[in-house]
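Here's a quick tour for anyone meeting this model for the opening time. Have the sequence and the 3D view open, and follow along topic by topic.

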Protein chains: 2
Amino acid sequence: MQASLTPQIALRHTIRESDREAIRGMVQRTGFFSAEETAIAVELVDEALRDGPGSGYEFLIAEGSEGLLGYACMGPIPGTNGSADLYWLVVDPAAQGQGIGQRIMAAAEEHLRSRGVRKLFVDTSGKPQYFPTIRFYERCGFVQEARLEDFFGIGDPKIIFSKRLS
Amino acid sequence: MQASLTPQIALRHTIRESDREAIRGMVQRTGFFSAEETAIAVELVDEALRDGPGSGYEFLIAEGSEGLLGYACMGPIPGTNGSADLYWLVVDPAAQGQGIGQRIMAAAEEHLRSRGVRKLFVDTSGKPQYFPTIRFYERCGFVQEARLEDFFGIGDPKIIFSKRLS
C-alpha cells in the first residue's frame, strides 16, 4: 500500500529491514527520548519485522526524496473489540513544522478505521516538556479522557487521550 | 519465600511447573473468563517459568492442604518509577467467600511495597458482571481513577483503579 499525499511525501505500511536504523537515528535526533525509550522503539520494529501482523504492531512510514521523514506505530489493543493504541508518532526534527505529523496521524486513523477500529488511544506524560505533544494531539482532535496521578513517577502523571474514529 | 498466614493457607512467590495446569483449571472453573483470557493467564505463567523476573511477571500463589486456592500475577510497569500493575487475582470458586482474595491482595501489596512500588493499578471492565470485582477492589482500598468509555467494546468501559502503597 502506498499513497502519495504530495509530490514530496509517500506513505507506506510495509516495514523494511532498512527502516530499523533509520528509525533509531530519527528517534535519537529528536533529543526527546531516553536510551531505554529508543531501545523500545527499535524493539517494536524488530518484532514487526520478525512476526509481521502477529506482532500486534503496525507501522506507517513517511518518506521524502531524502529518506525517512517520520513514522507511526500502532496496533489493536488485545482483548478489545475496536480499540487501538498509537504507540509512537515521530517526525524527524529537520522535517517538523510542516504538518507531516498531522498527515501521518490522518493516514493512521484512516488505516485503523478501515480495519474496524472505533476508538484510538494515545498515552503521554503530563510533564511540561510534553505540552507540545499534548497540543499536537488536541489539534488532531483527541480529547483527554483520563489522568493517572504519579504514574510515571512522583509528580509525573499519565494522560490518556482518545479519539473516536467512527 | 514462604509465609504461613493461618494453619490452612501458605503463600509462596516462586512459580512452579505444576502450577501451570492448576492455574488453567482454576481460571476455567471460575466460569468468568473467556478461552482467550484463560490462554493469556497461562501464557503469563509460561513467561514467568521461562524468563523468571526478566518476564516482568511476578506471581503470588496461595495454597491449602488440597492444593491451589488462588493466585495473583503482578509486575512493575515498564517506563515508570514506582508503579505496578495487578494483572490477575483469582480465587478458586470452591474457596471464595473466606477472605482469601483479600489476603492475597494484602500480601501482594506488601511484596510490591518492599520492592519500592508506590502505586498499584488494576483495570477492570465496567459491565454489570464485574460489579462484584469492582466492590472487591473498593473493599481492598482501591479508588476509581479513570473510566475509558467504549474501551473493550461499545458500552463496555475500562475502569482503572489505583491504590497508593506508600
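## Salt bridges in chain A

Let's start with a charged pair: the side chains of Arg20(A) and Glu21(A) meet in a salt bridge, at 2.7 Å from N to O. Keep in mind as you read that this is a predicted model. Side chains of opposite charge can pair when their charged atoms come close.

**The network around Arg20(A)**

- Arg20(A) and Glu21(A) have company: together with Arg24(A) and Asp46(A), they are linked in a network of salt bridges.
- Is Glu21(A) buried or exposed? It falls in between: Glu21(A) is partly exposed, because its relative accessible area is 44%, and "partly exposed" covers values from 20% to 50%.

**Other pairs in chain A**

- Lys119(A) and Glu145(A) also join their side chains in a salt bridge, this time at 3.0 Å from N to O.
- That pair ties together parts that are 26 residues apart in sequence, because Lys119(A) lies in strand β6 (residues 119-125) of chain A and Glu145(A) in strand β7 (residues 143-153) of chain A.
- Lys119(A) is buried, with a relative accessible area of 2%.
- Arg147(A) and Glu149(A) make a salt bridge too, and their closest N and O atoms are 2.6 Å apart.
- Arg147(A) is partly exposed at 37% relative accessible area, and Glu149(A) is partly exposed at 31%.
- Over all chains, the count comes to 31 salt bridges.

## Strands in chain B

Now hop over to chain B and follow its strands.

**β4(B) and β5(B)**

- Strand β5 (residues 83-91) of chain B is mostly covered, with eight of its nine residues buried.
- In which sense do β4(B) and β5(B) pair? Strand β4 (residues 67-76) of chain B runs antiparallel to β5(B), and the pairing extends over seven bridges.
- One residue to find here is Ala72(B), which stands opposite Leu89(B) in β5(B).
- β4(B) and β5(B) form a hairpin with six residues between them.
- In the turn of that hairpin, Gly79(B) has a positive phi of about 85°.

**β5(B) and β6(B)**

- β5(B) also pairs with strand β6 (residues 119-125) of chain B, in the parallel sense and over three bridges.
- To get from β5(B) to β6(B), the chain crosses through helix α3 (residues 100-114) of chain B, and this β-α-β crossover is right-handed.
- Ser83(B) stands opposite Lys119(B) in β6(B), and Asp85(B) has Phe121(B) as its bridge partner in β6(B).
- Six of the seven residues of β6(B) are buried, so the strand is largely enclosed by the rest of the structure.

**β6(B) and β8(B)**

- β6(B) pairs with strand β8 (residues 156-164) of chain B in the antiparallel sense, over seven bridges.
- Lys119(B) finds its bridge partner in β8(B), namely Arg164(B).

## Where the two chains meet

**How the copies are related**

- Turn chain B by 180°, shift it 0.0 Å along the axis, and it can be laid on chain A with an RMSD of 0.0 Å.
- The two copies are therefore related as by a two-fold rotation axis.
- Which residue of chain B comes closest to the rotation axis? That's Ala146(B), whose C-alpha is at 2.7 Å.
- The same surface serves both copies, since 100% of the contact residues of chain B recur in chain A.

**The contact itself**

- 21 residues of chain B are in contact with 21 residues of chain A.
- The area buried between chain B and chain A is about 1700 Å², and carbon and sulfur atoms give 56% of it.
- On the chain B side, Arg118(B), Leu148(B) and Phe151(B) lose the most area to chain A, together 27% of what that side buries.
- How many salt bridges are there between chain B and chain A? The count is two.
- Arg164(A) forms a salt bridge with Asp150(B), where the closest N and O atoms are 2.8 Å apart.

**Ser83(A), a residue to look up**

- Ser83(A) is in strand β5 (residues 83-91) of chain A, and it counts as buried at 2% relative accessibility.
- Leaving out residues up to four places away in sequence, Ser83(A) touches several residues, including Lys119(A) and Phe121(A) as well as Asp150(B) and Phe151(B) from chain B.

Definitions and conventions. Residues are numbered from 1 along each chain as its sequence is written. Chains are lettered from A and ligands numbered from 1 in the order in which they are written. This is a predicted model: local features need pLDDT of at least 70, side-chain atom pairs count only at pLDDT 80 or more; totals for chains, interfaces and linings use all residues. Side-chain values use heavy atoms; hydrogens and water are left out. Buried means under 20% relative accessible area, exposed over 50%, partly exposed in between (1.4 Å probe, protein chains only). Helices (H or I, at least four residues) and strands (E, at least two) are DSSP runs, numbered from the N terminus. Two strands pair if DSSP finds at least two bridges between them. A crossover is right-handed if, with the strands pointing away from the viewer, the path from the first strand over the helix to the second runs clockwise. Copies are superposed by least squares on the C-alpha atoms of residues with pLDDT of at least 70 in both. Contact means heavy atoms within 4.5 Å. A salt bridge is a side-chain nitrogen of Lys or Arg within 4 Å of a carboxyl oxygen of Asp or Glu. Buried area is the accessible area (1.4 Å probe) that two parts lose on being put together, summed over both.
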